Amino acid sequence: MRARFVVVLAVAVGLLMPLPLLAHHGSAAFDTGKRVTLKGTVKEWVYSNPHCLLRLEVTGEDGQVVQWVAEGQAPNVIFPAGYRKDTFKFGDHVTVIVEPVKNGRPLGRIIQTVLADGRTLGVASSAGAAPVPQP
Amino acid sequence: MRNSIFVVMVGLFMAAPGLSVDTFAQSSAPGGWPAPEWNKPPITDANRKPAPRRSLAGMWGPAAGAGAGTQGSGVQLKPNNGRPENQLPYTPYGLELYKSHQALEGADAVLPAQDNDPRNRCEPLGVPRYNHYNVRLTQIFQDEYKVVILYHYDNRWRVIWTDGRQLPRPVDGGVDIAGDIREPRFFGYSVGRWRDDYTLEVQTVGTMPEDRVWLDSTGRPISDRVRVTETFQRVDYDTLVWSETIDDPKVYAKPWETLKLPMRLHDPRTDIQEYYCSPAEQENYNRLFGNTAGGK
């Protein structure tokens, strides 16, 4: 059973952008460095705190439909990267690269997005953020 | 008539420390709603302007970028990453408290849905934790009696009195103000004094007890006997350095430094997006993501 979404270990895209330590929920749940590429249809885009949520319907080659939820940081954090309340619309066909959770559920946090109009948006977190200065 | 003009002039003079619009170019933002600008040129000898006397007023953001004040892995100067140099001088009680906290960040992080961080119930974070939680655009106003800090996260505000009043005396269950016992507060009782024309030193006592607030997002504890000392040093016109030391003998065997965060002046007209902890949105997030993500 081979789904359309492709699991890609952190080699190609994964190393493009490290995730800053911004998570509201902590990082322990995520499979750090792993990447999953989702090609699917937008069901809902929730622009809210503490995280924005993208519900995405992904259909595998066998016809099986998987409901993914990809999260972004809060609106004020992802605004500089170009994410807006109307970035995703119901029915849009988009490609989203996520860092999945460890437990195998169809959940992850957004690393990169290719929108229906071809635009690419980066990590759904604080653009331009520098690492926290250490002593 | 002359009295009216005098009143207006006095009013403008009083407001002057809070006005810095003239130092910024006319906004070219669409519709006149400027978004935060984080890619500012560095301050050098060529563009450095002198700091105004006894003024912290302005819209400030972490100088190193939008995420530089996040402190997701613990207080800035002592991240909770297990390294020996970042071990804290816990008292036995303090260590017991730390172990009772199930945090989502740091060396002992737990999975979502297993945590007991009061933040996730949208409780006020209190002082000093607001200084260590997503410090982003921070507005400071002041008049001759007080300095007011508007924190971005959860739209919270805090008063620091600079009118010469005494710092209350901490007692069990609150503070003593001239024999009057007052309640503990999330923001405590803050009093500031100008150490020199460019440095305000702030003392805070009377904060909430340890079963209500944490120090940071990694579950480090803080008690109601903490004395927080902050300094706000206006290094130049565009730079403010925000430092903090905590002295909490109930939890830590000695005082230690938690923060030294350079802040950069931003356009005072910058539009700040809301960053609320909404219980309804939190519940929705947990339903769609958090609870499942944290499951086995």
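**View 1. Nonpolar surface patch of chain B.** In this predicted model, F141(B), L150(B) and W157(B) make up a nonpolar patch on the surface, with a combined accessible area of about 320 Å². Patches consist of residues with over 30% relative accessible area and no salt bridge, nonpolar side chains (Val, Leu, Ile, Met, Phe, Trp, Tyr) being joined within 5 Å and like charges within 9 Å. A salt bridge places a side-chain nitrogen of Lys or Arg within 4 Å of a carboxyl oxygen of Asp or Glu. Accessible areas follow the Shrake-Rupley method with a 1.4 Å probe, and for residues only the protein chains shown count as cover.

**View 2. L150(B) in its strand.** L150(B) belongs to strand β3 (residues 146-151) of chain B; strands (E, at least two residues) and helices (H or I, at least four) are DSSP runs numbered from the N terminus. L150(B) is partly exposed, at 31% relative accessibility (buried: under 20%; exposed: over 50%; partly exposed: in between; 1.4 Å probe, protein chains only).

**View 3. The disulfide of C122(B) and C277(B).** One disulfide is present over all chains, a disulfide being a pair of cysteine sulfur atoms within 2.5 Å. The sulfur atoms of C122(B) and C277(B) are 2.1 Å apart. The S-S torsion is about -75°, so this disulfide is left-handed. C122(B) lies in the loop between α2 (92-100) and β2 (138-142), and C277(B) in the loop between β12 (256-266) and α3 (279-293), so the pair ties together parts of chain B 155 residues apart in sequence. Both C122(B) and C277(B) are buried.

**View 4. The cysteine C52(A).** C52(A) takes part in no disulfide, and the nearest cysteine sulfur, that of C277(B), is 14 Å away. C52(A) is buried, at 0% relative accessible area.

**Conventions.** Residues are numbered from 1 along each chain as its sequence is written, while chains are lettered from A and ligands numbered from 1 in the order in which they are written. Local features need pLDDT of at least 70 and side-chain atom pairs count only at pLDDT 80 or more, whereas totals for chains, interfaces and linings use all residues; side-chain values use heavy atoms, without hydrogens and water.
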